[in-house]
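Biologist: I'd like a close look at the packed interior of this one, and then at the strands, turns and ligand site that go with it. Take your time and go residue by residue where it helps.

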Amino acid sequence: MSSKIFSNGHLENRGGVLYIDGVSSLEIAEKFDTPLYVLAERRIRENYRRLYDALKKHYDKVRIYYSAKANTSLSVLKILESEGAYLDTVSPGEVFLALRASFTSDRILFTGTSVRDDELKFLVDSGVTINIDSLSQLRRLLSFHLPEMISVRVNPEIGAGHHEHCITAGRDSKFGIWEDDVIKAYKYAREAGVKKFGIQMHIGSGILTVEPFLLAAEKMLEIARHVHEEVGVDFDFIDFGGGLGVPYRPEEESLDLDLYAEKVLGLYLRRIGEYDLGEPWFFIEPGRYIVCDAGVLLTRVNTLKITPFKKFVGVDAGFNTLIRPAMYGSYHPIIVANRFDSAEEEVYDVAGPICESGDLLARDRRLPRISEGDLLAVLNVGAYGFSMSSQYNSRPRCGEVLVKDGEYALIRRKEDFESLLIGQELPSWLK
Ligand code: PLP
């Protein structure tokens with residue numbers, strides 16, 4: 001396992017201690033307390049650039065819309081803003097954060113579902129491009145505002161992903177608009193006076209092979225063709241969504257990025273030519289791919305409990321801090337950050353402090369012999385880690401640190417008990 005992990009460059013074994021881009025995990029765990037999310041700026045930039053360069057080789061008009069939901073920390077948004085990325089958002093709160101991180105509204109796309117009227121008004125006032133998820137949303141938007149540009153989220157009938165919760169297209173999906181209604185949506189928008197158009201899909205998350213992207217892209221390009229032929233719409237952009245996976249398990253292979261770029265853009269270029277679609281911008285919306293392996297969760301061992309059946313390692317991060325293992329059964333590599341070189345000779349369940357049996361960060365995991373006080377590092381948590389954390393069991397959320405070439409900075413203070421009271425009021429009869 002370790003050789004794969006350390007091929008990432010920002011993780012290093014220095015004399016048995018985990019260093020993250022030149023910063024000692026022990027030092028920051030001591031200084032800022034655990035649990036603690038640590039993000040490596042260098043890795044975020046590398047991931048963005050690798051992806052951008054791979055796409056740009058094939059076509060000039062490509063844009064990467066980082067999917068903010070994966071990690072909305074202001075520092076992450078700032079890093080990607082400085083790289084020239086665009087932003088995919090799914091809530092007014094994400095738009096608010098994006099603007100705070102100095103993204104201008106012309107660099108922000110909104111792809112929400114079940115969107116309320118007041119939220120639509122906020123989006124209009126913010127000036128972002130709205131990607132429509134239902135005919136209802138379109139009707140309600142056009143009833144009070146005529147946008148210059150509209151995009152429509154298509155359900156291409158093909159979904160994929162690492163877990164059923166993460167498949168966002170196909171028959172059972174609540175997302176996107178089916179083909180017949182897509183035609184209606186563009187007709188309606190055109191008749192209302194909208195002049196510029198985009199089209200978008202997002203089939204799911206955590207996809208490690210090129211095939212599902214290609215199948216869905218083929219279908220969406222056909223839909224784009226029908227819209228073009230039947231409604232006379234020309235597209236400014238065609239957006240293929242996110243979903244580019246990252247290996248979590250040792251046996252998983254990385255997505256072949258060059259193959260992805262070659263195949264998906266190859267198909268794109270052929271079809272826009274054949275279908276007479278002009279030269280629209282090619283967009284994608286990766287979240288996980290950009291930030292996942294830049295993040296490490298440091299968590300301290302407080303309890304060792306041996307039962308007749310199991311060995312439990314009790315740590316201070318539970319599914320309030322990292323929900324992916326409990327929610328999706330996800331696997332995250334775990335290493336002992338202070339005794340890196342020790343052989344993996346025991347099998348443990350790594351359990352958090354939450355009062356639910358499902359609160360396990362790992363089951364039956366082979367690890368070095370653990371002692372209370374050890375520091376564990378849970379890897380590949382930069383995406384859907386902090387952003388999905390909660391205060392469940394009234395546990396204040398943890399802090400976040402950014403590391404860069406031997407330097408570090410606290411980018412989010414850990415919450416305290418007072419945070420648990422924010423927004424709460426007692427009614428007069430209980431005071
Ligand atoms: N775009 C949309 C509309 C999404 O809903 C998501 C995630 O669910 C993404 C992009 C990013 O997905 P990923 O992080 O798998 O790239």
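Modeller: Let's start with the largest nonpolar core, which has 90 residues. Keep in mind that this is a predicted model. The residues with the most contacts inside the core are Leu-55, Tyr-186, Phe-235, Ile-238, Phe-240 and Phe-282. Helix H9, residues 211-231, supplies the largest share of the core, with ten residues. As a general point, nonpolar side chains tend to be buried together in soluble globular proteins.

Phe-282 is a good place to park the camera. Ignoring neighbours within four places in sequence, Phe-282 is in contact with Leu-55, Ile-238 and Phe-240, among others, and those residues also appear in the list of those with the most contacts inside the core. The other contacts of Phe-282 are Tyr-59, Lys-61, Val-62, Arg-63, Val-264, Leu-265 and Tyr-268. Among these partners are Lys-61 and Arg-63, and neither Lys nor Arg is a residue type that can belong to a nonpolar core.

Now for strand S4 (36-40), where five of five residues are buried. Leu-36, Val-38 and Ala-40 point one way, Tyr-37 and Leu-39 point the other way, and all of them are buried. What does S4 pair with? S4 is joined to strand S13 (residues 295-306) by four bridges, running antiparallel, and to S19 by five bridges, running parallel. On the S13 side, Val-38 has Val-296 as its bridge partner. On the S19 side, Tyr-37 stands opposite Glu-400.

Just ahead of S4 there's a backbone detail to look at. Pro-35 sits in the loop between helix H2 (25-32) and S4, and the peptide bond joining Thr-34 and Pro-35 is cis, with omega about -5°.

Go back along the chain and you reach an open sheet of three strands, ordered S1-S2-S3 with antiparallel pairing. Strand S1 (11-14) and strand S3 (23-24) are the edge strands, each pairing on one side only. Strand S2, residues 17-20, pairs with S1 over four bridges and with S3 over two. Tyr-19 is handy for following the sheet across: Tyr-19 is the bridge partner of Glu-12, and Tyr-19 also stands opposite Ser-24 in S3. Nearer the first turn, Arg-14 stands opposite Val-17. S2 is covered on both faces, with Val-17 and Tyr-19 buried on one side and Leu-18 and Ile-20 buried on the other.

The turns deserve a look too. S1 and S2 make a hairpin with two residues between them, and Gly-15 in that turn has a positive phi of about 60°. S2 and S3 also form a hairpin with two residues between them, and here the positive phi, about 40°, belongs to Asp-21.

Two serines show positive phi as well. Ser-102 has a phi of about 70° although it is not a glycine, and it lies in the loop between helix H5 (92-100) and strand S7 (108-110). Ser-102 counts as partly exposed because its relative accessibility is 34%. Ser-394 has a phi of about 55° and is found in the loop between strand S18 (375-379) and strand S19 (399-404). Ser-394 counts as exposed because its relative accessible area is 51%, and the cut-off is over 50%.

Either side of Ser-394 in sequence are Asn-393 and Arg-395, which Pro-353 touches. Pro-353 belongs to the loop between strand S16 (346-351) and strand S17 (360-367). Pro-353 and Asn-393 are 40 residues apart in sequence, yet their C-alpha atoms are 8.9 Å apart. Pro-353 also touches Val-315, Asp-316, Ala-317, Gly-318 and Asp-359. With a relative accessible area of 24%, Pro-353 is partly exposed.

Last stop, the ligand. Which residues come nearest to the ligand? Of the 16 around it, they are Ser-205, Gly-243, Glu-285, Arg-288 and Tyr-384. Asp-88 places a polar side-chain atom 3.1 Å from a ligand nitrogen. The backbone takes part too: an N or O atom of Gly-243 lies 2.8 Å from a ligand oxygen, and one of Gly-287 lies 2.9 Å from a ligand oxygen. Taken alone, the ligand exposes 390 Å², and the protein buries 93% of that.

Methods: Residues are numbered from 1 along each chain as its sequence is written. This is a predicted model: local features need pLDDT of at least 70, side-chain atom pairs count only at pLDDT 80 or more; totals for chains, interfaces and linings use all residues. Side-chain values use heavy atoms; hydrogens and water are left out. Two strands pair if DSSP finds at least two bridges between them. A nonpolar core is a set of buried Ala, Val, Leu, Ile, Met, Phe, Trp, Tyr and Cys residues joined through side-chain atoms within 4.5 Å. Buried means under 20% relative accessible area, exposed over 50%, partly exposed in between (1.4 Å probe, protein chains only). Contact means heavy atoms within 4.5 Å. A residue is near a molecule or strand if one of its heavy atoms lies within 4 Å of it. A polar contact is a pair of N or O atoms within 3.5 Å; within protein, one must be able to donate a hydrogen and the other to accept it, and residues adjacent in sequence count only if both atoms are side-chain atoms. Accessible areas come from the Shrake-Rupley method with a 1.4 Å probe; for residues, only the protein chains shown count as cover.
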